Amino acid sequence: MKKQKVVVSLGGNAIQAGNRRSDEEQRQACYHTAKQLAHLFDKDYEVVITHGNGPQVGNILLQQQLNDSEQLPAMPLDTCGAMSQGMIGYWMQNALLDVFKQENIHKDVATIVSQVLVDKNDEAFTNLTKPIGPFYNEQEAIELEKTKGYDIREDAGRGFRRVVASPKPIDIIEKNIIETLVDNHYVVIAGGGGGIPVIDENGILVGKEAVIDKDFVSEKLAELINANILLILTTVDHVAINYKTKDQINLHHLTVEEADKYIKEGQFAEGSMLPKIEAALKFVNSKPGRKAIITSLDHAVEAFEGNIGTQITQSEKKLMYC
């Protein structure tokens, strides 16, 4: 029987929990994640892992800025994104290999530094919305705008931050390599941090200083490698309506029609649950029989058995609550 393909989209907390930033602490976070996912690998699934990189690439940007000089110029955002992919991939694949050895799982792991094609005319490049990197005071912000040409805006009264474009993914350059590895039973880590945004300039790939939403890249990758399931792991066990109110209802199953209705009602927060729901819907609608699951890392394996989490499908099953 042919194994099902699963793309697992890990949130930033899977690599860095809280303010833990040292190499050892982030390795430990990756190890915890690997332990939580271990039993996916001895079941009938071929697995690709994607992950966030927000805290890590923010730290790299800060390190670059602090050491910026004529002799040692700071690297641009696309290069910093590549650095974070290699670093996190290194941590994660070693954590998985350690866990596989403990659990007697015979799998090899590979990290693919992934480039994601975007449209150079995407309106996101003229409407910058994605905050990145550290907070600055007003004087620092003015200086950076003058010397670096950054677009900097106030962030919810907490200070000033640089903002960049967040274009939609069109294609993943390394998709054929990823699919070949998966079809040959390797565990693949790819699309880290939403991938490195690149545009096509007369047949040449050129990196852009932008950030692509991780969940949209996970969805695009799942489509391109013909996955059956998109598993989006976040900090909550279920998708909910009336979230954080006395009327909160956790959703066990969600159809496309129901999800569209809740989006129109404004039930899902922008920059939080909304992009996860939008990515899930895009995947489910891309081909009959595909399913998306949204749950927490701690319940990833249970969610496949339907015992927890939110299952998103095209079908008109009766909505269930838990």
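These legends go with four close-up views of a predicted model.

**View 1. A three-stranded open sheet, ordered β5-β7-β6.**
Pairing here is antiparallel. β5 (130-136) and β6 (152-154) sit at the edges with a single partner strand each, so one side of each has no neighbour in the sheet. On average, neighbouring strands of this sheet are turned by 40 degrees against each other, direction ignored. Zoom in on β5 and β7 (residues 160-164) and you'll find four bridges joining the antiparallel pair. One to look for is at Tyr 136, whose bridge partner in β7 is Phe 160.

**View 2. Strand β12 (residues 229-234), with six of its six residues buried.**
Ile 229, Leu 231 and Leu 233 point one way from the strand, while Leu 230, Ile 232 and Thr 234 point the other way. Both sets are buried. β12 has parallel pairings with two strands: β1 (residues 4-10), over four bridges, and β16 (residues 291-296), over six. Ile 229 is a handy landmark for both pairings, since it stands opposite Val 6 of β1 and also opposite Lys 291 in β16. As a reminder, strands of a sheet pair through backbone hydrogen bonds, in either a parallel or an antiparallel way.

**View 3. The largest nonpolar core, made up of 42 residues.**
Which residues touch the most other members of this core? They are Val 48, Ile 178, Val 188, Ile 277 and Ile 312. Helix α8 (residues 273-286) puts in the largest share, eight residues. Take Ile 277: leaving out neighbours within four places in sequence, its contacts are Val 239, Leu 254, Ala 259, Ile 263, Phe 268, Ile 294 and Ile 312. There's also a second, separate core of 34 residues, and Leu 40, Val 47, Ile 105 and Phe 304 are among its members.

**View 4. Helix α6 (residues 214-224), largely enclosed by the rest of the structure.**
Why call it enclosed? Because nine of its 11 residues are buried. The buried set has plenty of variety in it: Lys 214, Asp 215, Phe 216, Val 217, Ser 218, Glu 219, Lys 220, Leu 221 and Ala 222. At the start of the helix, a side-chain oxygen of Asp 213 comes to within 2.8 Å of the backbone nitrogen of Asp 215. Just after α6, have a look at Asn 226, which takes a positive phi of about 60 degrees.

Technical notes:
Residues are numbered from 1 along each chain as its sequence is written. This is a predicted model: local features need pLDDT of at least 70, side-chain atom pairs count only at pLDDT 80 or more; totals for chains, interfaces and linings use all residues. Side-chain values use heavy atoms; hydrogens and water are left out. Two strands pair if DSSP finds at least two bridges between them. Axes are lines fitted to C-alpha atoms, for helices over the stretch in contact, and angles run from 0 to 180 degrees between N-to-C directions. A nonpolar core is a set of buried Ala, Val, Leu, Ile, Met, Phe, Trp, Tyr and Cys residues joined through side-chain atoms within 4.5 Å. Buried means under 20% relative accessible area, exposed over 50%, partly exposed in between (1.4 Å probe, protein chains only). Contact means heavy atoms within 4.5 Å. A polar contact is a pair of N or O atoms within 3.5 Å; within protein, one must be able to donate a hydrogen and the other to accept it, and residues adjacent in sequence count only if both atoms are side-chain atoms.
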